[in-house]
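Q: Please take this structure one label at a time, and for each label explain what justifies it.

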Amino acid sequence: CPNRQEIQVTLKQVQKLLSAHEASCLQSLRTCPKLDEPINGRKLGKSHRVGHEVHFLCDPGYEIVGSESRVCQESLTWTGQQPTCRGLHFNECASSPCLNGGTCVDELNQFSCVCAKGWAGETCQNECELFHNGPAGKLCLHKCVNTPGGYRCSCPAGYNVTRDGRSCKDIDECATRQNNCTNDQMCVNTYGGFQCVRVDCPKIPHATYVKTSPMRCERNPCPLDNKACSQTPTSFSYHHLAVVSNLSAPRVMFRVSALRQLGDTLRFTLLGGRQARHHFTVQRSDRQTGQLMLVNPVQGPTALEAEVEMSELERRVQLGRYITKITMFVSQYEF
Ligand SMILES: [Ca+2]
């Protein structure tokens, strides 16, 4: 008969065996979800237990797309992607990849396009449409024109395409004699064009004016006892500005200042009608200077006029009035 110690050893061994069996039994219960066979293919390996692997094969004439083998993981999910079997004679042209009337030619695992006249590129694409609002910004500042295999930018009349081929630069008609201004006119270059301007001195009762420079008129001396004459403006200055459309506001457009101050006070005022008041205001920037501010963006094409009056006073008595007329030519475009 075995003694008590021998029985205890045997029992321990049996216990060990049983727990190992239980563990492997439990492990075999842990499986991944069932996998389907691909259409036109087969699945090799039937076990869906953790750690086991299945393989996929495609029928002759088909190629596998996706994972060729997948393993059941501890998380009870399969590695990889469910594969499909794609016919070797898959038609790459099925998705109509050739644009703008191009003809698609199906080749092994690829396609090529025979483009219609005037188109080129891998898919006969229109570069203007493809890249017009790409991450690098607008392809062309103004307009994109599709060309075979590429594009070019075009600009409106009055502009040249810049060297980089994408932007537009105003042509200075005044500097290049591409203007038809007469001898008594002055040429003012504007964005996208030019203006011929002529300054005629104003005709005001009680005073006469004479042109002292192409853009300035000064009052002839008043008779000593003519108070009405001395109240009229001492001078008129004319200035022309060219700006693009929708210029951001507020911004300083022009400064008027006194070269030397005679009286004790200088006063700056905006003259003109409602239109001028809607777009402009006059502020003093220092003791001797007033500035014309644009307060609202202006949509072109248009021309705006503003008049700034500077008056000199000595103990509240007016010594002189100086009028500056500013004409602002606003372009049709924002460039
Ligand atoms: Ca111009």
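Q: What makes strand 23 and strand 24 an antiparallel pair?
A: In this predicted model, 13 bridges join strand 23 (residues 302-314) to strand 24 (residues 317-330), and the two run antiparallel. Since two strands pair if DSSP finds at least two bridges between them, the 13 bridges here satisfy that criterion. Within the ladder, Val 308 stands opposite Thr 324 in strand 24.

Q: What is the strand order of the open sheet of six strands, and which strands are its edges?
A: The order is 16-17-18-24-23-20, with mixed pairing. Strand 16 (209-213) and strand 20 (265-271) are the edge strands, for each of them pairs on one side only. From one strand to the next, the twist averages 25°.

Q: Why is Leu 304 called buried?
A: The cut-off for a buried residue is 20 or more other C-beta atoms within 10 Å of its own, and Leu 304 has 21 C-beta neighbours inside 10 Å, so it counts as buried. Leu 304 is found in strand 23, and, leaving aside neighbours within four places in sequence, it is in contact with Gln 275, His 279, Val 298, Met 328 and Val 330. Leu 304 and Ala 276 are 28 residues apart in sequence, while their C-alpha atoms are 7.2 Å apart in space.

Q: Which residues of the largest nonpolar core touch the most other members, and which elements contribute to that core?
A: The core has 19 residues, of which Leu 292, Ala 306, Val 308 and Met 328 touch the most other members. The elements giving two or more residues to this core are strand 14 (186-190), strand 19 (251-257), strand 20, strand 22 (289-294), strand 23 and strand 24. Ala 306, not counting residues up to four places away in sequence, touches Leu 270, Gly 272, Ala 276, Phe 280, Leu 292 and Ile 326. Apart from the largest core lies another, of eight residues, including Cys 140, Cys 144, Cys 155 and Tyr 159. As general background, nonpolar side chains in soluble globular proteins tend to be buried together.

Q: How do you know that strand 21 and strand 22 are paired, and what do they form?
A: Strand 21 (residues 280-286) and strand 22 pair in the antiparallel sense over six bridges, where at least two are required. Val 282 stands opposite Leu 292 in strand 22, and the two strands form a hairpin with two residues between them.

Q: What joins strand 14 to strand 15, and which residue in the turn has a positive phi?
A: Five bridges join strand 14 to strand 15 (residues 193-197), and these strands run antiparallel, with Met 186 opposite Val 197. They form a hairpin with two residues between them, and Gly 192 in the turn has a positive phi of about 90°.

Q: Why is Arg 315 called exposed, whereas Asn 100 is called partly exposed?
A: A residue is exposed if 12 or fewer other C-beta atoms lie within 10 Å, buried at 20 or more, and partly exposed in between. Arg 315 has 8 other C-beta atoms within 10 Å and is therefore exposed, while Asn 100, with 17 C-beta neighbours inside 10 Å, counts as partly exposed. Arg 315 is found in the loop between strand 23 and strand 24, and Asn 100 in the loop between strand 5 (84-87) and strand 6 (103-107). Phi is near 50° for Arg 315 and near 50° for Asn 100. Most residues other than glycine have a negative phi.

Q: What makes the bond between Gly 300 and Pro 301 a cis peptide bond, and where is Pro 301?
A: Omega is about 0° for this cis bond, and Pro 301 is found in the loop between strand 22 and strand 23. A cis peptide bond, again with omega about 0°, joins Ala 249 and Pro 250, the latter placed in the loop between strand 18 (235-243) and strand 19.

Q: Why are strand 1 and strand 4 edges of the sheet with the order 1-2-4?
A: Strand 1 (41-44) and strand 4 (69-71) each have a single partner strand, so one side of each is left without a neighbour in the sheet. The sheet is open, with antiparallel pairing, and three bridges join strand 2 (residues 53-58) to strand 4.

Terms used
Residues are numbered from 1 along each chain as its sequence is written. This is a predicted model: local features need pLDDT of at least 70, side-chain atom pairs count only at pLDDT 80 or more; totals for chains, interfaces and linings use all residues. Helices (H or I, at least four residues) and strands (E, at least two) are DSSP runs, numbered from the N terminus. Axes are lines fitted to C-alpha atoms, for helices over the stretch in contact, and angles run from 0 to 180 degrees between N-to-C directions. A nonpolar core is a set of buried Ala, Val, Leu, Ile, Met, Phe, Trp, Tyr and Cys residues joined through C-beta atoms within 7 Å. Two residues are in contact if their C-beta atoms, placed from the backbone, lie within 7 Å.
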